[in-house]
Structures are given as C-alpha cells and as structure tokens.
Amino acid sequence: MFPKINPTQTKAWRKLKAYYLTHHSMNMNELFDNDVNRFDKFSIEFEEILFDYSKNIANDKTIELLVDLANECQLSAAIQAMFTGEKINETEDRAVLHTALKSFSDEEILVDDENITPLVQVERRRIEKLCNEIHSGKWKGYTGKNIKYIVNIGVGGSDLGPAMVNEALKPYWLDGIKSYFISNVDSANLLEVVSEINFDETLFIIASKTFTTQETFTNANTIKEMFLEECRNEDFIQKHFIAITGNKQAANDFGILNGNIYKIWDWVCGRFSLWGSMGISIALTIGYDNYEQLLKGANSADQHFVNEDFNKNIPVIMGLLSIWYINFFNAQSEAVLPYSHHLSKFKAYLQQAAMESNGKNIDRNGFPVNYKTGVAIWGEVGTNGQHSYHQLLHQGTQFIPCDLIIPIGTHSTLDDHQNKLICNAIAQTEALLKGRTVKEVDGLANTTAENENYKVFDGNRPSNTILLKKLNPYNLGSLLAFYEHKIFVQGVIWNIFSFDQWGVELGKELSKSKLDSINKGGISGEFDSSTNGLLNRLLKLQVN
C-alpha cells in the first residue's frame, strides 16, 4: 500500500506556499506577452482531444512544484496500487477496479487471489448477448411485441452515469429504442415515465448494488405492482425485468431469476460503475458496438494516465491545478461549462463523482484534516450560462476556476449555429483571461465618468479548455476517464479515502425512524424540537 502522507508536511507544499505568497498576483496576460510559445508549452494533445491549460495562473515553476508535490505524495505508487487491485478503499476493505471494466487486455488482475479479468469478460459477453437479443427482436414482451422502451430504475451511481451518457450520445440512439430513467422517489418522476411507455414493450432495469436502496426499491415495487395489474401473470416478469446487483438473493426474492441478474462486484465503486453492467441501459440505447467504443476511449485515457509523465499527463495536471487553486488561492468552487446541449447532465454526474468522493474531513491515518479537501462543482451548458451566472465569473468577488468543454464537430447540419456556439465558448476564455481596462472602456458608446467603473473587468481568471473533435462514444469515454482520474489525483494528494461515502449513509439511516413515525400516525417527541415540529405539521397537513 502506498504511504499515507499529510501533504502539508511535504517540502513541496511548503515551497508552493512560499511561491504563492510571492507569485499569486502573477498576471496571465503578462505570461502570454513574455512567452510566445505559452500555448504550445501549456497544452496537451491526446488523440482527438486537446487540453489547453495555458490560461492558468501558473508558470513553469508552478507546474514543477506541483509535480514535485505529486511525487512526494507517492502518486505513482497510488496509481499502481489502484490498477493492480490493492484494497485502497480501506474503510470498506475493498479494491477499486472500475478501470478493469474498461480493459480489453487478458492481463491477470487479482482480488483476494482470484483473477477478475475472466469475470469481467464473461459479464461483457452477457451484455452483448442481451443487446443482440433485444435489438434483433428475439427477446419479446409478453404480448409478442419487440422491446421498444428501456427504463432504468436506480439512484446515484446507478442512475447519474448512465443517464448522462445516454443524453450525451443521443445522436447515436438506435431507431425504435427510447430510454428513460426513474431515480427520484418523488412519484412524479415515475408517473411521467409510465405515461410515456407501454408495459408490454418495456424492459425494466433495476439497478442497485445492494438491492436495498430505499428509493430504488420503492420505485421498483411500484412498477412491479403496475405491471402485474396489467398482465396478471408473474411469469411475465422474466420477459420485462432484469437486475444489476451484487445481492442476487434479494433480486430472486423480487421475482427475478438468475439468468436475468447482471453482476456488480464490491470492488466497483457505484459512482464509477457505468463501465460495467450498470451501463446496460447505455448499451441497449446506443448499441453494443458504440458502447464498446465508449469503453475503449476510456481505457485509452486510463493508459495515458498510467504511463504518461506527470507534466504531460492530462488528469494529473487537472488535479494538481485544482489543488493549487483550492488550497492556495482558497477557491470554494469550480465551474464546469460544456458547450454542448447533449452534455446537459454532465454537471450532475460530475457533482456526485467529485463531491461524494472528496468531501471528506478525516485523512487516511484517521486524523482530522487541517487543510481544505473537496470543492463544490456547478455549471450549465453554454450559451445558456452566459445569460445567467457568467456575470459572477467575470465581475464577482469569488475566485472560481472554470473548465470549458467544447466539441467541435456536430451531428447538426446547421453549421452557422455551431460556429457561433464555439466562438462564444472561446470568447469566454479570452474574456476571463484579459478582462477590460478603463482605457478600453472609455472607447465604448454611452460611457461616462460615472459609469465607466461598472464596465471594467479585472480579468486574470483561470480556465482550462477541453476541445473534442466530436462528441462521439470514444471521445466521451476518454473525457469521463480524465475527470475520474482528476478526482483520484486530488484524493491521493489530500490523503483521504475517495471511494467510500459514509456521509450518504447517515441520512438514509435517520430517514427510517421518521418514516416509522409517519406510518404510525403520531410523533413521540423522540427527535429534536425542529424535527418533531416539522413531522407534526406534516401529519396535520396530510389530514387536512
């Protein structure tokens, strides 16, 4: 296992702190003026992706010190430990091997002395077989009709990843297939989906690692009741329900036979699970070949992460720059700004991946941390965001680093729209960098001595730009893997466990006693006065 190092005790951290004190006010415009090769030096090309980090408050020395920090925190050893199956998720005594789900190598990977590579390959072949049966019409519903609707019932990692990918790859949806997602226990979500489908043409996917998650189990039971009310034959469950779970017995108890149960192992962290069976809804929607391209793009990015030098390594640079801003510039949040309508769910996916992973206050040695970990992620697709919160990015008092994700190619024939979209995105990065001076404002129409200050922009606000040749399955896979590994890099440097989520469990536990009180129709006063008051008022409003 790699060492558990408090980053603030390293030489590199102390040097970075000193460097920040003398160089935090460095001006990016001057950095560009002084180095005509800055873009070439501070950008990395990877296949059909360009990562431009030249618009950051950083120079050669900054990157050198950040890489020193990664080395001193034993990042290389941590990467090796994860990819080879060491149990780096120590609080749950688990390996972290979502990377194995993307691999097409026959290389042996051992978990508890068992080679998991054949297990992954078998499950992948089962997914391919399911896709072939659904898409060829061999698998039919109970009335003999083909399956037309795919409904994924899950929450969190069993929902956000697949839902995001399906939305991102909507141009690749197969003819005759529509996919839906039920995640919220709010019945409005379920009823809206039910209104769009026919039960006899639908495959329901119950996606739950434990098969005990309250929201998923509630929604699944309601759907099952509705289905049986219509078809009145429990044997038909096998034609319309499959499960993705690590709890086979619970799925059997629900009425799903083993042949319709797909495996998720305890060494797969839920929020990074779309690469395996949790991605069945993706494969069924875009086709197995496209799904495999998604995996291959991700695997290629994995290999880049494992093999590339840190100063040329996209996820390493992403993670280190984030730490530079969070821990030294006191950034409270990061904005992720995809300039693609189809990436509308990317922010929600990344929020879970990043904030559930690194929102921790205890280090790997069991001590409270005395430095910042984690960051709030937010954003919106462009150009919508430009007309809402970009004002805060440009002239607000908060320091907010930004990532702009820009697919160049489009599936639309409206080239004029795409050119305007791309130019808006690049203009935002330029505006964040350059700002606007008083001298420049004086040349604007309707500028007076009284209002000129309101039109000035400080600029010098950092951003990364990620250009994709096209938003296709392969490139999307690479993009997602880069962000996954950025999160891992941060967790290693911060010396925290990124792959547990005990904070999620507390709310689940506490909700049970509240539900018991509501079902009994009375509040005993066992909770705090606010909780008691809310529950009592709830019961009164329900009666009235």
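**A parallel sheet, a helix and two nonpolar cores**

In this predicted model, a convenient place to start is Val151, which stands opposite Phe204 of strand E7. Around this pair, strand E5, spanning residues 149-153, runs parallel to strand E7, residues 202-207, and the two are joined over five bridges. Strands of a sheet pair in general through backbone hydrogen bonds, and the pairing may be parallel or antiparallel.

Stepping back from E5 and E7, the reader will find an open sheet of five strands, ordered E6-E5-E7-E8-E9, with parallel pairing. Its edges are formed by strand E6 (178-182) and strand E9 (261-263), each of which pairs on one side only. From one strand to the next, the twist averages 20°. Helix H9, made of residues 187-194, packs on this sheet and touches E5 and E6. The direction of H9 makes about 160° with that of E6.

The protein as a whole is divided into domain 1 (7-73 + 308-500), domain 2 (99-290) and domain 3 (504-542). Taken over C-alpha atoms, the centres of domain 1 and domain 3 are separated by 42 Å.

Turning to the interior, the largest nonpolar core holds 124 residues, and those touching the most other members are Trp267, Trp324, Phe346, Leu476 and Phe488. Helix H20 gives the most to this core, contributing twelve residues. Because domain 1 (7-73 + 308-500) and domain 2 (99-290) both give residues to the core, it lies between them. The surroundings of Trp267 can be followed residue by residue: with neighbours within four places in sequence left aside, Trp267 is in contact with Ala95, Val96, Leu97, His98, Leu101, Val111, Ile116 and Val120. A second core, separate from this one, has 28 residues, including Ile182, Phe204, Ala250 and Ile261. Phe204 thus appears again, having been met opposite Val151 in the sheet. Such grouping has a general background: in soluble globular proteins, nonpolar side chains tend to be buried together.

Helix H5 (residues 75-83) offers another view of buried residues, with Leu75, Ala78, Ile79, Ala81, Met82 and Phe83 all buried. These residues pack against five helices, namely H4 (60-72), H6 (98-102), H14 (288-307), H15 (314-328) and H20 (473-494). H20 is also the helix that gives the most to the largest core. After H5 comes Gly85, whose phi is positive, near 90°.

Technical notes
Residues numbered from 1 in each chain as written. Predicted model: local features only at pLDDT ≥ 70, side-chain atom pairs only at ≥ 80, totals over all residues. Heavy atoms only, no water. Buried < 20%, exposed > 50% of the residue type's maximum accessible area, 1.4 Å probe, protein only. Helix = DSSP H or I, 4+ residues; strand = E, 2+ residues; numbered from the N terminus. Contact = heavy atoms within 4.5 Å. Pairing = 2+ DSSP bridges. Axes fitted to C-alpha atoms, helices over the stretch in contact; angles between N-to-C directions. Domains from an automatic or database assignment. Core = buried A, V, L, I, M, F, W, Y, C linked by side-chain atoms within 4.5 Å.
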